[in-house]
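Good morning, colleagues. Please look at the sequence and the model on the screen while I take you through a few of its features.

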Amino acid sequence: MDNRIPEQGMTLNDLVRLGAELALGVEPVDVGPRIMETPIYTGRLLALEVQPGLTLSASDVTYASNQNFAVEMEPALVCGILLSGGPVTSMVEGYGRFVRYPQQATLMGFNAPLRYSTPLRRGAHFTSAGFVLRPSFFERFADGVADDGLMALRELMEGGFRTGVISHSPLITEIARLCLDHPYTGQLERLFLESRALAFVIEAAQALKDERRLVALLGRREYDRVMHAREILDADLVATPTTMELSRRVGINVTSLQANFKTVFGKTIFAHVREQRLMMAKVLLQEHRLSVSEAGRRVGFSRPSAFSAAYRKHFGHPPRAEFQPARSMHVI
């Protein structure tokens, strides 16, 4: 099992275990959504093995020190999404950098013990959720895993260190959000979280299956160009390149880039950039407590009224609603 502090909830069992040892002097088996206060971090944590080989994890934490935290893990497939905070860069020994961006579900698979480290800044706040699959999860299927999606998940744990990115999935985002924010307690909570973990796995498997379909449709080279284009856009959402400049950088003409981008992500380049800017604005409002006008200005809206209208349309409530106090929870 893992035995060092992980970063931003990707392997949350270790974070919860260390936090519990510091706070209580015990090692938990399962930890439901709770608030924890330790010298390392404060925030809400969840780590729950819902089935043999399948652990659901989630966190909403703020780090209390500047440190380069290291993780050592046994073979596994880790899937996680940053709901807020980031981007996050980790250094994987023997393989190099691994970067995760907000609102982007990432996959990391490896078939041998692995060590990686992530620099964390004091005051940095991250909300994330995901799951960890161990090889034992697939033992129930023996050699009968025939579905393209499940095969793709298992294959990510084979052949050394492998990574993947799941195309933007509103369903994965909603599943992740509900891991910490739900109305259930007791046995119903356990059943609900097990259902969320399974839904997480199913959606990730389906996304990988869809990727294979899109690669077959567009070709690997064209698919990778679209993914590269999104990485460029997400790396600097405030000063994004023009479509013409973007097409030049990825080596494809404008018309093909626009068509392929919509085929892969189901939205135009403009719609993607606007959606990501609004997500950035949400972080500025919730975590940095900027005014509505200032948050809108920082993500590229020249008029507060236009920002408020776009925000309401996307999230279903005006930006000022983000200033409402969070509900209280018991502290461990």
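Helix H7 has 12 residues, and at 1.5 Å a residue these should span 16 Å; the C-alpha atoms at its two ends are 16 Å apart, so expectation and model agree. I should say at once that this is a predicted model.

Which residues of H7 are buried? They are Leu257, Asn260, Phe261, Val264 and Phe265. These residues cover an arc of only 110 degrees around the axis, and therefore they lie on the same side of H7. The general background is that an α-helix has 3.6 residues a turn, so residues three or four places apart point the same way. Against what does this buried set pack? Its partners are H4, helix H5 (220-235), helix H6 (243-250) and helix H8 (269-286).

Let me turn to the two ends of H7. At the N-terminal end, Asn253 acts as the cap, with a side-chain oxygen 3.2 Å from the backbone nitrogen of Thr255. After H7 comes Gly266, which has a positive phi, near 70 degrees.

Two phenylalanines deserve a closer look. Phe261 and Phe265 both belong to H7, which covers residues 254-265, and they are 4 residues apart, about one turn of the helix. There are 10 aromatic pairs in the structure. In the pair formed by Phe261 and Phe265, the ring centres are 4.7 Å apart and the planes stand at 55 degrees, so this pair is classed as tilted. How accessible are the two residues? Buried means under 20% relative accessible area. Phe261, at 0%, is therefore buried, and Phe265, at 8%, also counts as buried. Elsewhere, Phe301, Phe307, Tyr311 and Phe315 make up one aromatic cluster.

I now move to the nonpolar cores. In soluble globular proteins, nonpolar side chains tend to be buried together. The largest nonpolar core here has 38 residues, of which Leu133, Leu153 and Phe200 touch the most other members. Several elements each supply at least two residues of this core, including strand S2 (41-51), strand S3 (54-63), strand S10 (125-133), helix H2 (148-155) and helix H4 (186-218). The largest share, 10 residues, comes from H4. Apart from this core lies another, of 17 residues, and among its members are Ile232, Val250, Leu257 and Ile269. Leu257 is also one of the buried residues of H7.

Returning to the largest core, what does Leu133 touch beyond the residues up to four places away in sequence? Its contacts are Gly53, Leu54, Ala76, Leu77, Phe138, Leu153, Met157 and Val201.

Within helix H4 I would point to Ala197. Ala197 has a relative accessibility of 0%, and therefore it counts as buried. Setting aside neighbours within four places in sequence, Ala197 is in contact with Val50, Leu54 and Leu56. The C-alpha atoms of Ala197 and Ser57 lie 8.7 Å apart, although 140 residues separate the two in sequence.

Finally, some figures for the protein as a whole. It has 10 helices and 11 strands. Of its 332 residues, 51% are buried. Among contacts with a separation of 6 or more, 68% join residues 24 or more positions apart.

Note on methods: Residues numbered from 1 in each chain as written. Predicted model: local features only at pLDDT ≥ 70, side-chain atom pairs only at ≥ 80, totals over all residues. Heavy atoms only, no water. Core = buried A, V, L, I, M, F, W, Y, C linked by side-chain atoms within 4.5 Å. Buried < 20%, exposed > 50% of the residue type's maximum accessible area, 1.4 Å probe, protein only. Contact = heavy atoms within 4.5 Å. Phe/Tyr/Trp six-rings, centres within 6.5 Å; stacked < 30°, edge-to-face > 60°. Expected span 1.5 Å × (residues − 1). Arc of directions from axis to C-beta. Polar contact = N/O pair within 3.5 Å; in protein donor to acceptor, adjacent residues only side chain to side chain.
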